[in-house]
Amino acid sequence: MRVDLLIPDAPAPRGPAAAGEPGNAFARLVDAAGAILDGADRAESAFAAHHGGLQEMVVERARADLALQIAATAAQRAAQSVSTVLGMQV
């Protein structure tokens, strides 16, 4: 897992050049979780069609559950941070 520091004095990058910047870390996290969930679905379909193993299916589903839990926690913390910032007096 990679943690990016927030730099409050720097403006957020904009445009297509910002795709690899820390501002899009949450979007990359959600995309990665989606890809892992797709992999778990493929493993389950393969097992149901008798082309994959039970162990592979269980491991892929566990990875998907963990990725979903991490994405949900990140979303909750981001929402809490925004709420805190919006609640500040200026």
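**Exercise 1. What span should the 24 residues of α1 have at 1.5 Å a residue, and how far apart are its end C-alpha atoms?**

Solution. The model is predicted. The expected span is 1.5 Å times one less than the number of residues. For the 24 residues of α1, this rule gives 34 Å. The end C-alpha atoms of α1 are 35 Å apart, which agrees with the expected value.

**Exercise 2. State which residues of α1 are buried, and name an element that covers them.**

Solution. A residue counts as buried when its relative accessible area is under 20%. In α1, the buried residues are Ala33, Gly39, Ala40 and Ala43. Their cover includes α2.

**Exercise 3. Locate His50, describe its phi angle, and decide whether it is buried or exposed.**

Solution. Begin with the position: His50 belongs to the loop between α1 (25–48) and α2 (54–86). Turn next to the backbone: the phi of His50 is positive, about 60 degrees, although this residue is not a glycine. Finally, consider accessibility. The cut-off for exposed is over 50% relative accessible area. His50 has 74% relative accessibility and therefore counts as exposed.

**Exercise 4. Identify the residues that make the nonpolar surface patch of about 250 Å², and classify the accessibility of Phe47.**

Solution. The patch is made by Phe47, Leu54 and Val58. Of these, Phe47 lies in helix α1. The relative accessibility of Phe47 is 32%, so it counts as partly exposed.

**Exercise 5. Determine how many salt bridges there are, and describe the two that involve Arg61.**

Solution. The criterion is a side-chain nitrogen of Lys or Arg within 4 Å of a carboxyl oxygen of Asp or Glu. Under this criterion, the count is three salt bridges. The general background is that side chains of opposite charge can pair when their charged atoms come close.

Step 1. One salt bridge joins the side chains of Asp41 and Arg61, with an N to O distance of 3.2 Å. Asp41 lies in helix α1 and Arg61 in helix α2, so this pair ties together parts that are 20 residues apart in sequence.

Step 2. Arg61 also forms a salt bridge with Glu44, and here the closest N and O atoms are 2.8 Å apart. This pair links distant parts of the chain, since Arg61 is in helix α2 and Glu44 is in helix α1, 17 residues apart.

Step 3. The accessibility of the partners can now be classified. Asp41, at 38% relative accessibility, counts as partly exposed. Arg61 is partly exposed as well, with a relative accessible area of 22%. Glu44 has a relative accessible area of 29% and is likewise partly exposed.

**Exercise 6. Describe the salt bridge between Arg63 and Glu60, and state which residues are joined into one network by shared partners.**

Solution. The side chains of Arg63 and Glu60 meet at 3.4 Å, N to O. Both residues lie in helix α2, three residues apart, which is about one turn of the helix. Arg63 is partly exposed, with a relative accessible area of 44%. Glu60 also counts as partly exposed, at 22% relative accessibility. As for the network, salt bridges that share partners join Asp41, Glu44 and Arg61.

Methods
Residues numbered from 1 in each chain as written. Predicted model: local features only at pLDDT ≥ 70, side-chain atom pairs only at ≥ 80, totals over all residues. Heavy atoms only, no water. Helix = DSSP H or I, 4+ residues; strand = E, 2+ residues; numbered from the N terminus. Buried < 20%, exposed > 50% of the residue type's maximum accessible area, 1.4 Å probe, protein only. Patch = residues over 30% accessible without salt bridge, like charges linked within 9 Å, V, L, I, M, F, W, Y side chains within 5 Å. Areas by Shrake-Rupley, 256 points an atom, 1.4 Å probe, with all protein chains shown as cover. Contact = heavy atoms within 4.5 Å.
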